[in-house]
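How can the packing of two helices be described in a way that can be followed from one pair to another? Two packed helices are described by the angle between their axes and the distance between the axes.

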Amino acid sequence: MKKKLIRVTTIPNSLGKLLTGQLSYMSTYYDVIGVSSGGSALEDVRKQEGVPVIAVELTRKITPLKDLKSVYGLYKIFKKEKPFIVHSHTPKAGTAAMLAAKLAGVPHRLHTIAGLPLLEATGTKRTILNLVEKITYACATKIYPNSFGLQDIIIKEKFTRKDKLKVIGKGSSNGIDTNHFNPDLYSAADNLKLRTELGFAAEDIVFTFVGRLVADKGINELLLAFKKLAALKKNVKLLLVGTFETELDPLNKASLDYIYNNDTVIGIGWQEDVRPYFAISDALTFPSYREGFPNVVMQAGAMKLYSIVTDINGCNEIIQEGINGTIIPVKDADALYTKMLQFYEQKDSLYSPETCRTIMINNYERAYIWEQLHKEYSSLEK
């Protein structure tokens, strides 16, 4: 008889997108249940992964009364299902699930850390978030930072004991399917057609950002750098693939004005499939302030793109300086401009597209991450 494994995330998109295929893979070895906030997206996860799902109201914001209700809802699920393992991802789900699992007597309470939003917080908010983080770690039996840099930060901040921490494989929560992210799936004709539809000329150098269009992704600095580059070079474009979050983390007015009033910047919103846009791009620009282990950088590398990233955990592990990209200081628009200009002027001699892809295949192939996580689960049974 299979042991029961419950995976918990705050929103269904994390179960279905960030962890694509992982629940289905684990269902070969365990009775897997997916738990997240409800709606049609959670039903999509059930169909995609082929595992049962349960809806529990979870919010991304700090909402004390709703959060207590979430903990109680999870507690009831865990008492009924009696799982061998509860494994949570995302901050709010982690706190609620680890506390509920401890109260319910679940023997193995695992939480994956994929970034620490609190690192950008200050004052009272930082104090509260630090406390919440420590509660999560105290309730968990094992914590999995998804990068070695993140593990170092957790130790430095004294959130938990070092022996409670482990990085699975070489980092990443779910690795990357390099057969899926493969530029050879797109012909030159496909790429020219999409470029033309977006208003790009064949000779344009296209810098691309994929992710949320918010301040802590470095979008304000990216626009400052690109504006300077566009004033110097005429055949450059900036492609923004993602959505704004005007309530949580808005861009400044100057950035918004530049996006909306400049035909060298093309915003196409959120896209279900980002591969065609990587295929028509020349380089990824990813000047984020904080990350866990960014899928976007792995995806871009697998699509043979050079990446300009900030010196933060995850990014500085995926990118090898001067080999498959370059690393710049955080919040430094001038350094970003310098590297974008260097890429423009030295693109053909700066890097090998094949090397970018090979590094992703050798280090972050999805099947490898799944195997390593399964080994970890299996070790808990002994």
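The paragraphs below go through two helix pairs, in a model that is predicted.

We begin with helix 5, which spans residues 91–103, and helix 6, which spans residues 123–139; their axes come within 8 Å and cross at roughly 40 degrees. Because an angle of that kind falls outside the ranges that count as roughly parallel, roughly perpendicular or roughly antiparallel, helix 5 is oblique to helix 6. The crossing of these two helices, helix 5 and helix 6, is left-handed. On the side of helix 5 the contact is formed by Gly94, Thr95, Met98, Leu99 and Lys102, while helix 6 contributes Val132, Thr136 and Cys139. Sorted by character, the residues in this contact of helix 5 with helix 6 comprise four nonpolar, three polar and one charged.

The second pair consists of helix 9, residues 219–232, and helix 10, residues 253–260, whose axes come within 9 Å and cross at roughly 50 degrees. Helix 9 and helix 10 are therefore oblique to each other, and the crossing of helix 9 and helix 10 is left-handed. Here the contact involves Asn220, Leu223, Phe226, Lys227 and Ala230 from helix 9, which meet Ser255, Tyr258 and Ile259 from helix 10. When the residues of the contact between helix 9 and helix 10 are divided by character, five are nonpolar, two are polar and one is charged.

Technical notes:
Residues numbered from 1 in each chain as written. Predicted model: local features only at pLDDT ≥ 70, side-chain atom pairs only at ≥ 80, totals over all residues. Heavy atoms only, no water. Axes fitted to C-alpha atoms, helices over the stretch in contact; angles between N-to-C directions. Helix = DSSP H or I, 4+ residues; strand = E, 2+ residues; numbered from the N terminus. Parallel < 35°, antiparallel > 145°, perpendicular 65-115°, else oblique. Left-handed = near helix turned anticlockwise from the far one by under 90°. Contact = heavy atoms within 4.5 Å. Nonpolar A, V, L, I, M, F, W, Y, C, P; charged D, E, K, R; others polar.
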